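Here's a quick briefing on how two chains meet, plus a look at one helix. Have the structure open while you read.

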Amino acid sequence: MGALIDGESRPRLESWLAGATGATRVSVADEGTLGGGAISLNLAVTLDIDGGPRAGRHACVLRAQPGGAAVASGMKASISKAQEFAALRAAFGAGVAAPEPIAACGDPAVLGADFYIMRRAEGIGAGHKVVKADQPQRGLARELGRQLGRLHKAGPDTPGLEDLPVPAASPALDCVHTYRDWLGDLALRDAVLAWGLRWLEIHAPPPGDLVLCHRDYRTGNYLVKDGGLTAILDWEFAGFSDPMEDLGWFCARSWRFGRHDREAGGLAGREDFYAGYEETSGRRVDPQAVAYWETAAYMRWAAIAVLQERRHTSGEEPSLELALTGRMLPEIELDLLRHIHGLGLTASAPAAVGAEPSGDAGEERVA
Amino acid sequence: MRTSPDAQELLSIVAETFRTDLLPHIPPAQRYTALMIANALGIVQRELAGADEAGHAMLAALALLYGEDADDSLSGADLRRRVEALQHRLCIEIAAGDFDHDGQDVLMECLEEIVQARLGIANPKLLRG
């Protein structure tokens, strides 16, 4: 996708922003692309707003949905920019450390793509840098638990979330169907993925609370400055689900960036993360349910990797990075098998979840 | 007709030249891309050199379940097709619930070995031992 803001589109953007923020005049400085844009495009922009309630200078991010074929084929995993903005607003309203949402635009005449603008936060996001610490980052893990607990106060009844889809029957079985759909015929060619899907089907927990989940809540998707959390990013997968889904995703091996001894996102032990969650959510963490959703996390990541790889192999979006994502599949599958192995071998005895596993799967212990 | 050096030899010297002569001099902004190229070249090298070996390892793993159909005299495309056919059969049986109660230990052993064989090409650093 070419430059989003150029001499032609800038005046349109500025006049739209003036209307959206109740200003007399807005000028936009474009400071270039920010990282973390495998799916969305993130531009650093500075707004100078004259008049109205937001008068002043604001460091912001313009987040756009790239148009064209990529959307059609690849990214059915993500929600629209309008839905993402609604989720961000609900999270911000619930007191979550999300970037403050400013305005969303669904009019293609402005920039040729759906986009929204939010305040820019400072800090380091790259996972391998965030986990680099001599001592476990217990306070940060606990704070991330608290943030998640606050987010999970929002649900289908929260005003402004009417456009987010509600899972049909059970969130767990809904996920299994979704992963199967994303995988397509690979679910009948790759036996590890077939077993992962079957395992999730057999062990699916009954439907319980339905809350607003971030669905990509993990190290790498939040910013840290001087050891403290500044913002939780990347809301493009948000949706209603079982609250334990976000906890399982956060603790999955895939997002520990090599710090496998610190099971909560490579930061600290699960107990700190869980304790923070229980403080604000008013809900007990169910380690057995988290273990289920951690299996789901490996399946989901595997299915997303397949979607990413297809964006390349379909010819619609040639990219070395997308192509190599496909080659990560065996590594994700190894994590999946290790995790299931650690939970005990007998599908008909789910009580084995949390039992002492054998050998080097020891670090996968959930209780 | 003799083509010398062959594709594998040519790739090998390309990969080595890239890693030793170019990679250290790549500017920081392009370093991630350069590392992806080195990674991709490594995968292609290992796949060209070891596809049959990985195929036999996968066939041996599937032999735990389908011994009679795991013919280890196969090679090349025939070997690949046999592995694919057995995996397809296994996928169908798994989805039908054949492993819901019994045989999971053998299934897990088979799946772990299949993954190890594929990792040997995609990312051997993650192999145990």
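Going by the salt-bridge rule, four salt bridges cross the interface of chain A and chain B in this predicted model. One of them pairs Glu333(A) with Arg118(B), with 2.6 Å between the closest N and O atoms. The count of residue pairs in polar contact between chain A and chain B comes to ten, both partners being at pLDDT 80 or more.

**Who sits on the chain A side**
- Helix 8 (191–203), helix 12 (320–326) and helix 13 (329–342) of chain A are the elements that each give two or more residues to the side touching chain B.
- Helix 13 of chain A supplies the largest share of that side, with nine residues.
- By residue class, the side of chain A that touches chain B splits into 16 nonpolar, three polar and nine charged.

**How much gets covered**
- Chain A brings 28 residues to the contact and chain B brings 34 residues.
- About 2800 Å² is buried between chain A and chain B, and carbon and sulfur atoms give 65% of that.
- In chain A, the residues losing the most area to chain B are Leu188(A), Trp195(A) and Arg327(A), together 21% of what that side buries.

**A look at helix 10 of chain A**
- Twelve residues (270–281) at 1.5 Å a residue should span 16 Å, and the end C-alpha atoms are indeed 16 Å apart.
- Its buried residues include Arg270(A), Asp272(A), Phe273(A) and Tyr277(A).
- Helix 6 (138–151), helix 9 (243–251) and helix 11 (287–313) of chain A are among what covers the buried residues of helix 10.
- Right after helix 10 comes Gly282(A), with a positive phi near 70 degrees.

Terms used
Residues are numbered from 1 along each chain as its sequence is written. Chains are lettered from A and ligands numbered from 1 in the order in which they are written. This is a predicted model: local features need pLDDT of at least 70, side-chain atom pairs count only at pLDDT 80 or more; totals for chains, interfaces and linings use all residues. Side-chain values use heavy atoms; hydrogens and water are left out. Contact means heavy atoms within 4.5 Å. Buried area is the accessible area (1.4 Å probe) that two parts lose on being put together, summed over both. A salt bridge is a side-chain nitrogen of Lys or Arg within 4 Å of a carboxyl oxygen of Asp or Glu. A polar contact is a pair of N or O atoms within 3.5 Å; within protein, one must be able to donate a hydrogen and the other to accept it, and residues adjacent in sequence count only if both atoms are side-chain atoms. Helices (H or I, at least four residues) and strands (E, at least two) are DSSP runs, numbered from the N terminus. Ala, Val, Leu, Ile, Met, Phe, Trp, Tyr, Cys and Pro count as nonpolar, Asp, Glu, Lys and Arg as charged, and the others, Gly among them, as polar. The expected span of a helix is 1.5 Å times one less than its number of residues. Buried means under 20% relative accessible area, exposed over 50%, partly exposed in between (1.4 Å probe, protein chains only).
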